[in-house]
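Me: I am new to this structure and would like to go through it by question and answer. Please explain each term where it first comes up.

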Amino acid sequence: MAYACQMQSSFHSFQTQLWDVELTAEAVTSPLVLDEFIKTGEYSDSDCRLPEQYILPEQLCPQVAYNSYTEGTPVIDLKSFTMSDDQSTLQNSIEEVAKALKEWRIFHVINHGVRKEKLPWSEAFTVMGSPELHVREYASKIWPHDHDTFSCACEEYGSCFRQLAEQIMNILINVLEVDPGHFEELRKRPLVALHPNHYPICPEPDKTLGLGPHTDPGFFTLLLLDENVGGLQIEKDGKWIAIRPLKDAITYITGDCIEVTSQGRYKAVRHRAVTNSKQPRSSISFMYAPTPTATISCPPELITEEQPQIYRPFTWDDILAIRKSRATEIHQGKLRIIDTFMKI
Ligand SMILES: O=C(O)CCC(=O)C(=O)O
Ligand SMILES: [Fe+2]
């Protein structure tokens, strides 16, 4: 009981979003109230209710429980790209990715080369970099005397994710069958962001969300999911479905910039995170986005008379400006930033 009520502010994952916020001690100070909560294990107090400020209107509440999985998330074996010299096997693998992007917009990646370690995190925040992630700078503001293990693990993850992201970007360009030169500037100093999330146990998970519906703004996001606790849900064919985490996999999610640079062929996936009353859950997301100063546009090969250009060219700075000026609509899930760049 004591814990539950004390933890009022923590049913949502802590989102100390540092996108365009100056790095100050204030900016990264989040309520450090989760450690105790995590230690309590299974949530057992049936009296304790979700505090009012977290109860969503009924139509926004998750109807799908964290573990009501819809099976079938595609699995892509990266080995088939790195180990195969055979052109037809490679072509089959490319077609498999294209199908996954079209039908699911999300897939699990296996044989990705990222080592899984346990991270001692207990909050969520975003570490941005282009391309270096200054994890230590951020973490030392939150845990001035005790961030070394955390920082080392984040640095390790950051660099592994970065390599994997580059490989996946190469695959996507192959899938698009366009001139890789179009992406050269966009990939020169890609913006990357590591975002550890923590979702504590929640007394009334059907009345709130860990993370509201959104699409990720970059090219794509790579997710390291807790293999024992579900929580990630995606919108597929107009319905929310729960994704079963796959042991030892990294999960790929299509972001807004792939939607733009593919001329809408491969759409960003709307997703959210739900909580549960049994176990806390953690995830790490890694966003891979274009060089902030580069112009984001679709390759000319994809523009035809039947398929005129959907989005006008824009830059990451334009994205940040919209994020600032239309924050409320975006936060409420009513506006997607890239929609403001539509030509018609
Ligand atoms: O925790 C998850 O499963 C999703 C996290 C996410 O969507 C994000 O960090 O953008
Ligand atoms: Fe996300």
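**Where two helices meet**

Reply: I94, V97, A98 and L101 in α4 meet I171, L172, N174 and V175 in α6, where contact means heavy atoms within 4.5 Å and where helices (H or I, at least four residues) and strands (E, at least two) are DSSP runs, numbered from the N terminus. This is a predicted model, in which local features need pLDDT of at least 70 and side-chain atom pairs count only at pLDDT 80 or more, while totals for chains, interfaces and linings use all residues. Residues are numbered from 1 along each chain as its sequence is written, chains are lettered from A and ligands numbered from 1 in the order in which they are written, and side-chain values use heavy atoms, with hydrogens and water left out.

Me: How are α4 and α6 oriented to each other, roughly parallel or roughly perpendicular?
Reply: The axes of α4 (residues 87-103) and α6 come within 9 Å and cross at roughly 90°; such axes are lines fitted to C-alpha atoms, for helices over the stretch in contact, and angles run from 0 to 180 degrees between N-to-C directions. Angles under 35 degrees count as roughly parallel, over 145 as roughly antiparallel, 65 to 115 as roughly perpendicular and the rest as oblique. The crossing angle therefore makes α4, relative to α6, roughly perpendicular.

Me: How many residues of the contact of α4 with α6 are nonpolar?
Reply: Ala, Val, Leu, Ile, Met, Phe, Trp, Tyr, Cys and Pro count as nonpolar, Asp, Glu, Lys and Arg as charged, and the others, Gly among them, as polar. In the contact of α4 with α6 one residue is polar and no residue is charged, while the number of nonpolar residues is seven.

Me: Which helix gives the most to the largest nonpolar core?
Reply: A nonpolar core is a set of buried Ala, Val, Leu, Ile, Met, Phe, Trp, Tyr and Cys residues joined through side-chain atoms within 4.5 Å, and buried means under 20% relative accessible area, with exposed over 50% and partly exposed in between (1.4 Å probe, protein chains only). The largest such core has 64 residues, of which V97, F161, F219, F220, L222, Y252 and F286 touch the most other members. With 14 residues in this core, the helix that gives the most is α6 (residues 148-176).

Me: Is S285 buried or exposed?
Reply: S285 is found in strand β11 (residues 281-289). Leaving out residues up to four places away in sequence, S285 touches A193, L194, H195, N197, T221, L222 and L223. Its relative accessible area is 13%, so S285 counts as buried.

Me: What is the phi of Q263?
Reply: Most residues other than glycine have a negative phi. Q263, which is found in the loop between α8 (256-261) and β10 (271-273), is buried with a relative accessible area of 3%. The phi of Q263 has a positive value in a residue other than glycine, near 60°.

Me: How far apart in space are E301 and L176?
Reply: E301 has its place in the loop between β11 and α9 (316-325) and is partly exposed, with a relative accessible area of 39%. Not counting residues up to four places away in sequence, E301 touches V178 and D179. E301 and L176 are 125 residues apart in sequence, while their separation in space, C-alpha to C-alpha, is 9.8 Å.
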